[in-house]
Amino acid sequence: MSLLSTRGLSKNFAGLQAVQNVDFDLPEGQIRALIGPNGAGKTTFVGMLCGRTTPSVGRVSFDGKDISHLPAHKRINLGMAYTFQITSVFANLSVEENVALAARRRLVGPEVTAHVQEALQKVDLQDRLDQRAGDLSYGHQRLLEIAMGLVQNPRLLILDEPTQGLADSEIEAFKDLIRGLVPQTTILLIEHNMSVVMQTADMVSVLNFGQILAEGTPAEIHANADVQAAYLGTG
Amino acid sequence: MTDTTRMLVLHVAVLAALFALQFVLPAYHHGNLARIMVLASYAIGFNVLFGYTGLLSLGHALFFAAGMYGMGLAIKIYEASPATALIAGIVTGIIISLVIGALALRAVGIAFMIVTLMFAQVGYLTVLYFGEYTRGDEGFVIQQADRILWGIDLSEPTNRYFAALTLFSVCLLVTLRMVQRPFGKTLIAIRENEDRTRMLGYDVFGHKLAAVVVSGTISAAAGAFYGLLFGYVGATFATVQYSIFPLLWVLLGGTGTILGPLVGTLFMFYLIDLSSAVTSAYMLIAGVVLVALTLFAPQGIVGELRKRFWKGLP
Ligand SMILES: Nc1ncnc2c1ncn2[C@@H]1O[C@H](COP(=O)(O)OP(=O)(O)OP(=O)(O)O)[C@@H](O)[C@H]1O
Ligand SMILES: [Mg+2]
């Protein structure tokens, strides 16, 4: 059964069709990569899933329930978590408090501390608890974003270009990390790094000019001529 | 000792010092400090919204006046007892802040400032319009006979000081506790990054509305106490000036600090008091000092202390 699906989902920005009529189904327990050239509409699309962006038309359902009219915070409370493409941590708060804010929505008291430490351990930031988040390096802020997603223990984790700005060793660790999350967590991963896509995703969806261009296994997508054309800009 | 208890001890020590001070202060300063504690409570209310939630209201005089008139009119028209009148003032504050919050929070940023300013202006004009009951600009006095709460005469300086200290202590401890609890921490998160907070699953509008109500209610309580303790209710307290005062006090003392409102109110009160003793152009001196402070201590007095010496200060 699909954990998440969309029907006819579209978004116009003053004449620009950023996302056009997308029908999308994401089965529970899958790692799905969403790829596509810059400006293809990936961020806009996932923004409409979690309620950050209001669709022009179309429906979104989660766990069999139509959530098209729910505000963002209610969707998140149904078990979605979203990490931002443009790093958006609480710069003036400590690393610990950043993750604690994400944890406190579902946990209370000492449980918060335990889960915060566990999440930070997973991204190897456990030694930086007291540091101001804004003082972290860019890569570490990305990892902090991921920890904030993990600690919510979501059913659906939406990651918008999480490996951007990470060092090679951190990218390897990231691959292991998300493979370890399924099948309890379903993952929708926007990713430009093809090695991450190839080695983690069960299925890949390609978005181009706001439309789904192709869907298939990583190997199928890799061999797809249309996809190659889109990426090379000749399509 | 955990951080939380250490902070509680520090703040209780400040309250204990205020308690002790009243035995040693000369009458003049004794009276001033009672007034300062009530006004600082108002500043604490303002700070909940401005300092901790990041929402700048330019209409807080509406809440202060709501408490003051809710209390005053209950006595004047319904001959209520002081306790009932205080409750009437606070309840008026709750209702008004709930309504104003629900309406004004539809606006953001500058628009929120303008809308709150406008609502406060409406409040001021309402006071004038119902001059028959409120006596308009002139205001009305609350007789000594109406200021005896549970047999305690609140017009008597020592009693008045204790009443002011009680109000201030409650406001201080409530907000201290608030910022250490998830609710207050969520308000801080909204101040720091509203979009992110929403995308962590928090109901941002609901939290902001709650912040307006907490802030408005504390402000109203301060207004109600002010009228009762000093025996006068007047339209001046509903003017723009009284919306700007708490902003200045909080900026001077330290935005988003628990002790900042007290320090800022104390500082400004005595700055004007001392400079007016020296020259009739006292606002000039006050202005220069304020500008200097903003330049050299942009985070306010307590804010700078926190930055330099005491990182964990709430
Ligand atoms: N708020 C907005 N207002 C107007 N146009 C927008 C807005 N957000 C996105 N767009 C436009 O919509 C299109 C899709 O943008 P989007 O950010 O979704 O692409 P993307 O696939 O995430 O790109 P990237 O890989 O660079 O992150 C782009 O042309 C972008 O300029
Ligand atoms: Mg994007």
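**Exercise 1. Charges and overall form of chain A**

How far apart are the mean positions of the 19 positive and 25 negative charges of chain A? Then describe the overall dimensions and burial of chain A in this predicted model.

*Solution.* Step one concerns the charges: the mean position of the 19 positive charges of chain A and that of the 25 negative charges are separated by 8 Å.

Step two takes up the form of the chain. A compact globule of 235 residues would have a radius of gyration near 18 Å, and chain A has 17 Å, so the value agrees with that expectation. Along the principal axes, the C-alpha trace of chain A spans about 50 × 40 × 35 Å.

Step three turns to burial and contacts. In chain A, 54% of the 235 residues count as buried, and of the contacts with a separation of 6 or more, 65% are between residues 24 or more positions apart. The accessible surface of chain A is about 9900 Å², with 50% of it belonging to carbon and sulfur atoms.

**Exercise 2. The sheet built on β1 of chain A**

Work out the strand order of the open sheet of 4 strands in chain A, and trace the pairings made by strand β1.

*Solution.* Begin with the inventory: chain A contains 9 helices and 10 strands. The open sheet has the order β2-β1-β4-β5, with antiparallel pairing. Its edge strands are β2 (16-27) and β5 (65-66) of chain A, each of which pairs on one side only.

Next, follow β1 on each of its pairings. With β2(A), β1(A) runs antiparallel and is joined by 8 bridges; the two strands form a hairpin with 2 residues between them, and Ala14(A) in the turn has a positive phi of about 40°. With strand β4 (residues 57-62) of chain A, strand β1 (residues 2-13) is joined by 5 bridges, again in the antiparallel sense.

Finally, place individual residues in this register. Thr6(A) stands opposite Phe24(A) in β2(A), and Thr6(A) also stands opposite Val60(A) in β4(A). The bridge partner of Arg7(A) in β4(A) is Arg59(A).

**Exercise 3. The surroundings of Val60(A)**

Is Val60(A) buried or exposed, and which residues does Val60(A) touch, not counting those up to four places away in sequence?

*Solution.* Val60(A) is found in strand β4 of chain A. Its relative accessible area is 2%, and because buried means under 20%, Val60(A) is buried.

The residues that Val60(A) touches, once those up to four places away in sequence are set aside, include Leu4(A), Ser5(A), Thr6(A) and Leu9(A), together with Met48(A), Leu49(A) and Arg75(A). Of these, Thr6(A) is the residue that stands opposite Val60(A) across the β1-β4 pairing. For a distance along the chain, take Leu78(A), which is 18 residues from Val60(A) and has its C-alpha atom 13 Å away.

**Exercise 4. A second hairpin in chain A**

How many bridges pair strand β9 with strand β10 of chain A, and which residue in the turn has a positive phi?

*Solution.* Strand β9 (residues 203-208) and strand β10 (residues 211-216) of chain A pair in the antiparallel sense over 5 bridges. Within this pairing, Ser205(A) stands opposite Glu215(A) in β10(A). The hairpin has 2 residues between its strands, and Phe209(A) in the turn has a positive phi of about 45°.

**Exercise 5. Chain B and two of its residues**

Describe chain B as a whole, and then contrast the settings of His60(B) and Thr126(B).

*Solution.* Chain B has 14 helices and 4 strands. For its 314 residues, a compact globule would have a radius of gyration near 20 Å, and the 19 Å found for chain B agrees. Buried residues make up 53% of the chain, while the accessible surface comes to about 13500 Å², 71% of which belongs to carbon and sulfur atoms. The centres of its 18 positive and 14 negative side chains lie 12 Å apart.

His60(B) is placed in the loop between α2 (27-52) and α3 (61-78) of chain B, and at 0% relative accessibility His60(B) counts as buried. Beyond its neighbours within four places in sequence, the contacts of His60(B) include Tyr42(B), Phe46(B), Leu49(B), Ser215(B) and Ser243(B).

Thr126(B), by contrast, lies in helix α5 (residues 110-129) of chain B, and its relative accessible area of 34% makes Thr126(B) partly exposed. Thr217(B) is 91 residues from Thr126(B) in sequence, and their C-alpha atoms are 20 Å apart in space.

How values were computed: Residues numbered from 1 in each chain as written. Chains lettered and ligands numbered in written order. Predicted model: local features only at pLDDT ≥ 70, side-chain atom pairs only at ≥ 80, totals over all residues. Heavy atoms only, no water. Rg over C-alpha atoms; globule rule 2.2 N^0.38 Å. Buried < 20%, exposed > 50% of the residue type's maximum accessible area, 1.4 Å probe, protein only. Contact = heavy atoms within 4.5 Å. Areas by Shrake-Rupley, 256 points an atom, 1.4 Å probe, with all protein chains shown as cover. Lys, Arg positive; Asp, Glu negative; His and termini not counted. Charge placed at Lys NZ, Arg CZ, Asp CG, Glu CD. Pairing = 2+ DSSP bridges.
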